[in-house]
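Student: Got a minute to go through this one with me? I'd like to start with burial.

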Protein chains: 2
Amino acid sequence: MPAYSIGVDLGGTNLRIAAVDEQGGLLEKVTLDTKVSLGRDHVIGDMCDAIQQLVQKNQGVGSLLGIGIGVPGIIDMETGMVRESPNLPDWADYPARDEIEKRLKTRVILENDANSAALGECWLGAARNLKDMAMLTLGTGVGGGLIMGGRIWHGMSGMANEFGHITVEPAGALCGCGNRGCLEAYASATAVVRMAREAAGNGSGAALSRAAASAELSSKTVYDLAIQGDDAARKVFARVGSALGIVLSSLVNAFNLPMYVVGGGVSSAWEIFSPAIFQELRQRSMVYAATDPDGSNGTRLGASAHVKPLGPRKTIITRALLGSDAGLYGAARLAMIAEK
Amino acid sequence: MPAYSIGVDLGGTNLRIAAVDEQGGLLEKVTLDTKVSLGRDHVIGDMCDAIQQLVQKNQGVGSLLGIGIGVPGIIDMETGMVRESPNLPDWADYPARDEIEKRLKTRVILENDANSAALGECWLGAARNLKDMAMLTLGTGVGGGLIMGGRIWHGMSGMANEFGHITVEPAGALCGCGNRGCLEAYASATAVVRMAREAAGNGSGAALSRAAASAELSSKTVYDLAIQGDDAARKVFARVGSALGIVLSSLVNAFNLPMYVVGGGVSSAWEIFSPAIFQELRQRSMVYAATDPDGSNGTRLGASAHVKPLGPRKTIITRALLGSDAGLYGAARLAMIAEK
């Protein structure tokens, strides 16, 4: 009997819900505002109403396997509670999973949103057909996800994959977490804006300085300038790329996975920042060199050129394919692969 | 029926072989010189002769499950060939596993020595009773091992766990791999000697300068000075600790494992360098802070003190317990947990 599941991407601004069949076909998608200011119960009410309507409409499709919900925050997988979520402050220490299960009378799985996005890209996106992969999601912050053997790696308490807080520069820029020099302080949308303002403050580039004078400066504005060839804006993205390259080199050296995917809003600037990623990888990862047999990423020119290539087992670093839908598809996938 | 296996630690200087029972009891241990200069075939001959004698002696113990061999280098797990080993140059691209199996007529498993050491500590050492752990081995270089679900994580081509080549300082000291700022350039015995010579060159400490004037300066000499309270020598080990702390923070943030073990010869200086490790961890890992519920490592004082603790699931960073036997026991364990 055919079956489907429902994925939810619970963002601080948008609440997106999709019904997806087992082949990854989209049955229906709805987008609501997340009315955070009205409180947790209101948001859960909106979500459950919308899900019930989707279930009603898709009764003919087959059986509902369950509901996966991607949440921006740290999830306690055992209790199904949100431990910490800056965007959803009143969700902490509340039995969200159990409450939603009670209302909808079907299985519910809460998952970190970056893990959901990684699962989505592994199922239907850049890493489809692979069982092992890692993903970095560059948004307001930098999230990470790791899939091993087709399943999300959670670590002992659901706090694994915090790749955004790997140190890039020990004495570097201050990060929101209180530490200095985290990847998030160089490769998030927030960091792009900060670095653009710093560059403008140093008198780098008239166009960037004009843009930075606006209170509304966004990473998109910096990206648009970079696309137009603005040198100061391009330098900001080169810093994004070199920070990503340093951390990706560490991940390649630590995990030896076949693929690492870069997604999230900032990854729109992939063409501008990715050359700096590959430059760092060629310099910093023997593993990358040894798993790039045809030298198509230029590895043979790198510092590790003496390492012999390893047959056809290539390390691929690439951008995500599913855009903002990765987390939605990944959330839907959760209910399909959950252990009974 | 009781059973045992044989572990081999094939170092560039010593060839150590042990028969170990399934409870981890040592039945017998022999140590030979590794006669690298006489060539691969001679070394394999010595090894096989010694193993056959051990098997002969232990006939009454039970059945032989197989032989595990820890090798300093990159192993192709599929073919059982040494891909690259600086200490055993003529072993590359030679079907070592198959050749040894043919001679001994029992199952043989080749494994990277740092992976073997991690497996040994996970079986009988600091991480006994745990199924997930990572280990850093500080020797001439810095090796890494990762155990997940009781098994060694190899990555797609046996090149995972190269924690020694994670970047600590992007523009830092030159590493043997050709890159700059790798952990190995700060936390290996080689690095201790280099940093001590640098410090002596800068006029730091009369005792260290005298020691550095000798061509024989070893990390042990620097350690002895540090133990005696020599300030310049202690600063060298503080640098070892801070580099380890930066990389351990990244590993904690990426893996969220219950335990990370530091072993190898340089770890004798644990009491001197470990305070710097914990200082970095407190600053650089929210995950560490959230998984140290009693604050016994002083986490509550750190930058991430706002992160709520996570029940009893503590992150432990500790030194190895088995010393140079970790790799030997781990190698013996390989044949016990191998898939049929």
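Student: So what share of chain A counts as buried?

Tutor: This is a predicted model, so keep that in mind. In chain A, 54% of the 340 residues count as buried.

Student: And what is its radius of gyration?

Tutor: Chain A has 21 Å. A compact globule of 340 residues would have a value near 20 Å, so the two agree.

Student: What does the C-alpha trace span along its principal axes?

Tutor: About 55 × 55 × 35 Å for chain A.

Student: How many helices and strands are in there?

Tutor: Chain A has eleven helices and twelve strands.

Student: What about contacts? Take pairs at least 6 apart in sequence. What percentage join residues at least 24 apart?

Tutor: In chain A, 61% of those contacts do.

Student: Switching to chain B. Is strand S9 mostly covered or uncovered?

Tutor: Mostly covered. S9(B) covers residues 142–148, and six of its seven residues are buried.

Student: Which way does S8(B) run against S9(B), parallel or antiparallel?

Tutor: Antiparallel. Six bridges join S8(B), residues 133–138, to S9(B). The two strands form a hairpin with three residues between them.

Student: Which residue of S9(B) stands opposite Ala134(B)?

Tutor: Leu146(B).

Student: And what happens between S9(B) and S10(B)?

Tutor: They pair too, in the antiparallel sense, over two bridges. S10(B) is residues 151–152. Met148(B) stands opposite Arg151(B) there.

Student: How many residues lie between those two strands?

Tutor: Two, and S9(B) and S10(B) form a hairpin. Gly149(B) sits in the turn, with a positive phi of about 60 degrees.

Student: Anything general to remember about side chains in strands?

Tutor: In a regular strand they alternate between the two faces of the sheet.

Student: OK, new topic: the interface. How many residues does each chain give to the contact?

Tutor: Chain A gives 39 residues and chain B gives 39 residues.

Student: Which elements of chain A give two or more?

Tutor: Strand S6 (81–84) and helices H8 (231–255), H9 (270–284) and H10 (286–290) of chain A.

Student: Which of them has the largest share?

Tutor: H8(A), with six residues on the side of chain A that touches chain B.

Student: And how do the residues on that side divide by type?

Tutor: The side of chain A that touches chain B has 17 nonpolar, 14 polar and eight charged residues.

How values were computed. Residues are numbered from 1 along each chain as its sequence is written. Chains are lettered from A and ligands numbered from 1 in the order in which they are written. This is a predicted model: local features need pLDDT of at least 70, side-chain atom pairs count only at pLDDT 80 or more; totals for chains, interfaces and linings use all residues. Helices (H or I, at least four residues) and strands (E, at least two) are DSSP runs, numbered from the N terminus. The radius of gyration is taken over C-alpha atoms; the globule rule is 2.2 Å times the number of residues to the power 0.38. A residue is buried if 20 or more other C-beta atoms lie within 10 Å of its own, exposed if 12 or fewer, and partly exposed in between; C-beta atoms are placed from the backbone. Two residues are in contact if their C-beta atoms, placed from the backbone, lie within 7 Å. Two strands pair if DSSP finds at least two bridges between them. Ala, Val, Leu, Ile, Met, Phe, Trp, Tyr, Cys and Pro count as nonpolar, Asp, Glu, Lys and Arg as charged, and the others, Gly among them, as polar.
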